[in-house]
Amino acid sequence: VEYFAEAIADDTILPLKLYTSSLGGQGTNVKLSFTKTMSKDADTFEKNQKLLLKAIAKKDTIKASTALEGMATALQEYRTVA
């Protein structure tokens, strides 16, 4: 779980944000309402990833499970909107 939190989940944050940013910055005047939701979901994923790291350090399985659930929910919503 520690490897997942430090490497895989951490490496996921930047691509989520870059993809959302690229959708909004294509040089068009089209407003994409779903990019706000995607941006919020990327931020939620990042927040929960940080909470997961703290929970792992404290060996708190309840908080780790809650953080993983938050990450999964944010990623699922992000993918559904995208």
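Colleague: What makes the meeting of the Glu-77 and Lys-40 side chains a salt bridge?

Modeller: Keep in mind that this is a predicted model. Here the N to O distance between Glu-77 and Lys-40 is 3.8 Å. A salt bridge needs a side-chain nitrogen of Lys or Arg within 4 Å of a carboxyl oxygen of Asp or Glu, so the pair qualifies. This pair links distant parts of the chain, with Glu-77 in helix H3 and Lys-40 in helix H2, 37 residues apart.

Colleague: Why is Glu-77 called partly exposed?

Modeller: Its relative accessible area is 31%. Partly exposed covers the range between 20% and 50%, so Glu-77 belongs there. Lys-40 is also partly exposed, at 46%.

Colleague: Which other residue does Lys-40 meet in a salt bridge?

Modeller: That would be Asp-41, at 3.6 Å from N to O. Asp-41 has 2% relative accessibility, and buried means under 20%, so Asp-41 counts as buried.

Colleague: How many salt bridges does the rule give?

Modeller: The count comes to five. One of them joins Lys-50 and Glu-46, whose closest N and O atoms are 3.7 Å apart. With a limit of 4 Å, that pair therefore passes too.

Colleague: Where do Lys-50 and Glu-46 lie?

Modeller: Both are in helix H2, four residues apart, about one turn of the helix. An α-helix has 3.6 residues a turn, so residues three or four places apart point the same way. Lys-50 is partly exposed, because its relative accessible area of 45% falls between 20% and 50%. Lys-50 and Glu-46 also belong to a network of salt bridges that includes Lys-17 and Asp-43.

Colleague: How do you know that the length of H2 agrees with its number of residues?

Modeller: H2 has 25 residues, which at 1.5 Å a residue should span 36 Å. The end C-alpha atoms are 36 Å apart, so the two values agree. The helix covers residues 34-58, and Lys-59, which follows H2, has a positive phi, near 55°.

Colleague: Why is Gln-49 called buried?

Modeller: Gln-49 has 2% relative accessibility. The cut-off for buried is under 20%, so Gln-49 meets it. Beyond its neighbours within four places in sequence, Gln-49 is in contact with Ala-5, Ala-9, Asp-10, Ile-13 and Met-71.

Colleague: What covers the buried residues of H2?

Modeller: The cover includes helix H1 (2-24) and helix H3 (61-81). Among the buried residues of H2 are Met-38, Phe-45, Leu-52 and Ile-56.

Colleague: Why does Lys-58 count as exposed?

Modeller: Lys-58 lies in helix H2. Exposed means over 50%, and Lys-58 has 65% relative accessibility, so the word fits. The C-alpha atoms of Lys-58 and Met-38 are separated by 30 Å, and the two residues are 20 residues apart along the chain.

Colleague: Which residues form the nonpolar patch on the surface?

Modeller: The patch is made of Val-1, Tyr-3, Phe-4, Ile-8 and Leu-68, with about 490 Å² of accessible area together. Its largest share, three residues, comes from H1.

Colleague: And what makes Tyr-3 exposed?

Modeller: Tyr-3, in helix H1, has a relative accessible area of 60%. That is over 50%, so Tyr-3 is exposed.

Technical notes: Residues are numbered from 1 along each chain as its sequence is written. This is a predicted model: local features need pLDDT of at least 70, side-chain atom pairs count only at pLDDT 80 or more; totals for chains, interfaces and linings use all residues. Side-chain values use heavy atoms; hydrogens and water are left out. Helices (H or I, at least four residues) and strands (E, at least two) are DSSP runs, numbered from the N terminus. Buried means under 20% relative accessible area, exposed over 50%, partly exposed in between (1.4 Å probe, protein chains only). Contact means heavy atoms within 4.5 Å. The expected span of a helix is 1.5 Å times one less than its number of residues. Patches are made of residues with over 30% relative accessible area and no salt bridge: like charges are joined within 9 Å, nonpolar side chains (Val, Leu, Ile, Met, Phe, Trp, Tyr) within 5 Å. Accessible areas come from the Shrake-Rupley method with a 1.4 Å probe; for residues, only the protein chains shown count as cover.
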